Amino acid sequence: MFRLRALPLLLLLLALPALAKPPRLTLFITVDAMGSDLLLRTQPRLKGGLRQLIDSGAFYPYARYGYAKPRTAPGHATLATGANPWRHGIVDNRIIDRATGKPERVFPDPTHPVLEAALSNEDVSPANLMAETVADRLRLATQAQGKAIALSGKARSAIPLAGRLGQAYWYDETVGKFVTGTWYTKELPGWLKAFNAANPPEAWFGKVTWEPLLPRTAYTGEDDRPYEGELYGLGRTFPHPLTGGLTSPGPQAYTAFAISPLSLDLVVKAARAAIDGEGLGKDEVPDLLAVSFSATDRVFHQYGPNSWEMQDTMYRLDKALGDLVAAAERAAGGRDNLLVVLSADHGGAAVPEHWAAEGMDAQRVDPGVLSKGLTEALRAQFGGDILATVEELDVYLGGKTLEGGKVDGAAVRRAAAAWLLKQPAITLAVARDDLYSMPDVAGLVMPLRRGYFPGRSGDVLFVVKPFHVISAEPTGTNHGTPYAYDQLVPFILAGKGVKPGTYTREISTTDVAPTVAAALGLSLPASAEGEPRYEALGSGR
């Protein structure tokens with residue numbers, strides 16, 4: 001009798017987690033190029049939204065990308081799908097056309113052009129994304145009743161966050177406004193048309209400059225360093241003009257504005273317009289708003305993570321996040337109806353000359369020099385018109401000699417790997433033919449495997465030594481190596497159903513999407529490799 005009476009209660013208790021209502025609105029934030037080192041270094045000086053999320057949420061300082069080349073497009077794809085590039089297919093921001101040796105974007109789609117901007121070969125649709133995203137899972141689970149909107153300063157960030165079934169909008173530097181592609185819609189929604197009309201470039205052109213947000217005593221180091229970039233007329237020191245060297249609004253000015261952290265506020269304004277225009281968080285059907293901040297990455301590349309400019313960008317991000325979370329909380333009807341997720345697509349290296357000045361064995365590695373030297377060596381050995389093009393850690397081999405089968409392709413690829421291994425800056429190189437058979441040297445081969453997707457990845461893969469930065473520019477810095485400064489990023493959960501605390505155990509960035517799906521009461525995205533972080537989701541395992 002006891003067992004019969006206890007059974008209904010037991011069934012009820014087991015069912016409670018599944019019956020719990022998901023948050024009305026999930027705010028999925030990504031910060032481009034905010035590695036763990038950058039955030040932990042800045043954390044003591046933060047006072048706004050970012051600090052509040054850390055203090056009130058579940059904070060994982062060490063989430064690691066498991067593949068060798070952390071970059072913007074693959075990072076966003078991994079956060080959205082819970083998979084590595086070997087499954088989702090997005091291996092880099094660009095891949096190389098082997099026939100021409102020229103780069104092409106990873107999200108192109110000539111059948112779905114961009115709206116409100118000139119035709120181009122830029123990123124426009126998720127056609128190349130080979131894995132399901134959290135946004136896709138939400139749309140399917142709610143029979144398209146739950147909305148999934150993604151906004152970013154870059155198309156390659158917004159597109160994977162929206163997936164195939166959500167809506168993606170991004171800032172286009174050629175026109176100075178937010179756009180989308182015909183994959184998502186045939187016409188911009190009314191709220192976005194109104195937003196673009198109310199925020200024209202003329203409103204800020206020639207009227208604002210990028211000044212320090214805080215007193216200059218709040219910044220460490222020097223403002224003027226010789227290895228910082230000066231692109232788009234911004235200069236190396238504060239104040240930075242945002243005209244792009246133009247006398248009237250135009251693409252160079254739009255890019256200068258996008259580089260500056262003043263664009264963070266524009267993204268927040270666009271997110272608020274989306275919240276209002278789409279009615280996000282207004283009913284019991286869960287909605288998803290993904291917002292990716294791109295200015296952090298642009299500042300990182302031009303000035304480096306230790307610069308005054310990056311410090312100022314983090315302070316401004318801290319403030320912008322406070323405004324964004326507050327808007328989402330109001331839309332959802334309170335924090336009990338809101339889940340906030342925050343992570344980053346990759347970390348980043350210091351400017352190599354900065355490292356070298358501090359005594360590190362650091363060096364800038366020019367991919368053009370590698371491409372030229374490798375091409376000459378392969379032509380000398382095999383003859384013909386073999387062309388080698390280096391794109392980050394990938395080498396693409398092309399030319400009619402290879403295409404016509406006049407030489408043994410595997411022999412050429414192995415010769416290329418052997419040549420690379422002789423270069424002082426390179427610690428590992430492997431032909432794709434040997435990628436899955438060679439020993440995992442120093443634990444670096446497995447990251448190369450996780451980042452490899454046939455047909456899109458290079459013919460030869462390699463890894464530079466620590467503190468060596470691949471960069472075609474003589475100033476600034478880059479990211480995209482299998483070292484902690486590039487691979488480690490923060491992961492924060494806050495809001496409904498979250499158990500606050502600091503969790504110092506290293507986790508995988510493939511855990512982000514499964515954790516969000518679990519918090520929403522959804523099944524995991526189809527190709528997810530990670531697992532939900534149950535310890536941060538209240539009770540239960």
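**Helix 12 and its neighbour**

Select residues 308-332, which form helix 12 of this predicted model. At 1.5 Å a residue, a helix of 25 residues should span 36 Å, and the end C-alpha atoms of helix 12 are indeed 36 Å apart, so expectation and model agree. Colouring the selection by accessibility shows a mostly covered helix, with 19 of its 25 residues buried. Step just past the end of helix 12 to G333, where phi is positive, at about 80°.

Next, add residues 295-303, which make up helix 11. The axes of helix 11 and helix 12 lie 9 Å apart, and the two helices pack at an angle of about 170°. Angles over 145 degrees count as roughly antiparallel, and helix 11 and helix 12 are therefore roughly antiparallel to each other. To view the contact itself, show the side chains of T296, V299, F300 and Y303 on helix 11, together with E309, M310, T313 and L317 on helix 12. By type, the residues of this contact comprise five nonpolar, two polar and one charged.

**Strand 11 and its partners**

Move on to residues 338-344, strand 11. Seven of its seven residues are buried, so strand 11 is largely enclosed by the rest of the structure. Turn the view along the strand to separate its two faces: L338, V340, L342 and A344 point one way, while L339, V341 and S343 point the other way, and all are buried.

Which strand runs parallel to strand 11? Select residues 25-31 to find strand 1, which is joined to strand 11 by seven bridges in the parallel sense. Within this pairing, V31 is placed opposite A344 of strand 11.

Now select residues 488-495, strand 18, which pairs with strand 11 in the antiparallel sense over five bridges. Two positions are convenient to label here: V340 has A494 of strand 18 as its bridge partner, and V341 stands opposite L493. Strand 18 is also mostly covered, with seven of its eight residues buried.

**Strand 2 and Y62**

From strand 18, continue to strand 2, residues 58-64. Strand 2 and strand 18 run antiparallel and are joined by five bridges. Label F59 and I492 to see one position where the two strands face each other, as F59 stands opposite I492 in strand 18.

Remain in strand 2 and centre the view on Y62. Is Y62 buried, partly exposed or exposed? Its relative accessible area is 31%; the partly exposed class lies between 20% and 50%, so Y62 is partly exposed. Beyond its neighbours within four places in sequence, Y62 is in contact with S36, L40, L488, V489, T504, R505, E506 and I507. A distance can also be drawn from Y62 to T477: these residues are 415 residues apart in sequence, and their C-alpha atoms are 22 Å apart in space.

**Helix 4**

Select residues 72-81 for helix 4. Ten of its ten residues are buried, so helix 4 is largely enclosed by the rest of the structure. The buried residues are T72, A73, P74, G75, H76, A77, T78, L79, A80 and T81. Helix 4 is followed by G82, which has a positive phi near 75°.

**The four-stranded sheet**

For the last part of the tour, display strands 13, 14, 15 and 16, which form an open sheet in the order 13-14-16-15 with antiparallel pairing. The edges are strand 13 (387-391) and strand 15 (426-431), each of which pairs on one side only. Direction ignored, neighbouring strands of this sheet are turned by 20° against each other on average.

Look inside the sheet at strand 14 (residues 394-398) and strand 16 (residues 460-464), which run antiparallel and are joined by two bridges. Label D394 and L461 here, since D394 stands opposite L461 in strand 16.

Which helices accompany this sheet? Select residues 367-382 to show helix 14, which lies across strand 13, strand 14, strand 15 and strand 16 and runs at about 155° to strand 13. Then select residues 409-421, helix 16, which packs on the sheet and touches strand 14, strand 15 and strand 16. The direction of helix 16 makes about 175° with that of strand 15.

Methods:
Residues numbered from 1 in each chain as written. Predicted model: local features only at pLDDT ≥ 70, side-chain atom pairs only at ≥ 80, totals over all residues. Heavy atoms only, no water. Expected span 1.5 Å × (residues − 1). Buried < 20%, exposed > 50% of the residue type's maximum accessible area, 1.4 Å probe, protein only. Axes fitted to C-alpha atoms, helices over the stretch in contact; angles between N-to-C directions. Parallel < 35°, antiparallel > 145°, perpendicular 65-115°, else oblique. Contact = heavy atoms within 4.5 Å. Nonpolar A, V, L, I, M, F, W, Y, C, P; charged D, E, K, R; others polar. Pairing = 2+ DSSP bridges.
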